[in-house]
Amino acid sequence: AIKNVEKYLEKQGKSLPKRASSPFTPNNHPEIDISAELNPTEAAYYQSLIGILCWIVELNHVDIMCAVSMMASMMAMPRIGYLLT
C-alpha cells in the first residue's frame, strides 16, 4: 500500500515525509475547506487512501485513529484541499 502511495506522489513531484510529529499540519480544518471538489478519479484515489489508513489503524496504529476518522467523514464529497494537507 505504501509503495502505491509513493508511486502516485512521485508522479506529482511529491514524497512522503520521513517523520511527522502529528497526523495533521497545524491549523488544518478540513471541515471548512472550500477548495474545488475532486474529479471522480481523484475522489476514488482519496477513498483508497482512507481505506489504507483505516487498515493501518486496525494494525494497532491508534495514534492516527482520530485524524483518519475525521478525514473518512469527508469521503462523500472530497475536495482538493484534503489531498494537500
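**Two helices, some loops and two cysteines**

Helix H2 passes helix H3 in a left-handed crossing. Keep in mind that this is a predicted model.

Student: Why are H2 and H3 called roughly antiparallel?

Tutor: Start with the angle: the axes of H2 (residues 40-58) and H3 (residues 65-72) cross at roughly 150°. Angles over 145 degrees count as roughly antiparallel, so H2 and H3 earn that name. Their axes also come within 10 Å.

Student: Which residues in H2 and H3 meet?

Tutor: From H2 you have Tyr 46, Ile 50, Leu 53, Cys 54 and Val 57, and they meet Met 65, Val 68, Met 71 and Ala 72 in H3.

Student: Cys 54 is in that list. What makes Cys 54 buried, exposed or partly exposed?

Tutor: Its relative accessible area decides. Cys 54 has 30%, and buried needs under 20% while exposed needs over 50%. The value sits in between, so Cys 54 is partly exposed.

Student: And what about Cys 66, buried or exposed?

Tutor: Cys 66 has a relative accessible area of 65%. The cut-off for exposed is over 50%, so Cys 66 is exposed.

Student: How many disulfides does the structure hold?

Tutor: Zero. A disulfide would take a pair of cysteine sulfur atoms within 2.5 Å.

Student: Let's try the loops. Why does Ile 34 count as exposed?

Tutor: Ile 34 lies in the loop between helix H1 (2-11) and H2. Its relative accessibility is 79%, and exposed means over 50%, so the label fits. Along the sequence, Ile 34 and Gly 81 are 47 residues apart, yet their C-alpha atoms are 7.9 Å apart in space.

Student: Why is Met 77 called partly exposed?

Tutor: Met 77 comes in at 41% relative accessibility. Buried is under 20% and exposed is over 50%, so 41% makes Met 77 partly exposed. You'll find Met 77 in the loop between H3 and helix H4 (80-84).

Student: What does Met 77 touch, leaving out residues up to four places away in sequence?

Tutor: Glu 37 and Tyr 82. Glu 37 is 40 residues from Met 77 along the chain, with 6.7 Å between the C-alpha atoms.

Student: How do you know that the pattern of the chain is α-α-α-α?

Tutor: Count the elements: the chain has four helices and zero strands, and reading along the sequence gives α-α-α-α.

Student: What share of the chain is buried?

Tutor: Buried residues make up 27% of the 85 residues. As for the accessible surface, it comes to about 6,400 Å², and 60% of that belongs to carbon and sulfur atoms.

How values were computed: Residues numbered from 1 in each chain as written. Predicted model: local features only at pLDDT ≥ 70, side-chain atom pairs only at ≥ 80, totals over all residues. Heavy atoms only, no water. Buried < 20%, exposed > 50% of the residue type's maximum accessible area, 1.4 Å probe, protein only. Areas by Shrake-Rupley, 256 points an atom, 1.4 Å probe, with all protein chains shown as cover. Axes fitted to C-alpha atoms, helices over the stretch in contact; angles between N-to-C directions. Parallel < 35°, antiparallel > 145°, perpendicular 65-115°, else oblique. Left-handed = near helix turned anticlockwise from the far one by under 90°. Contact = heavy atoms within 4.5 Å.
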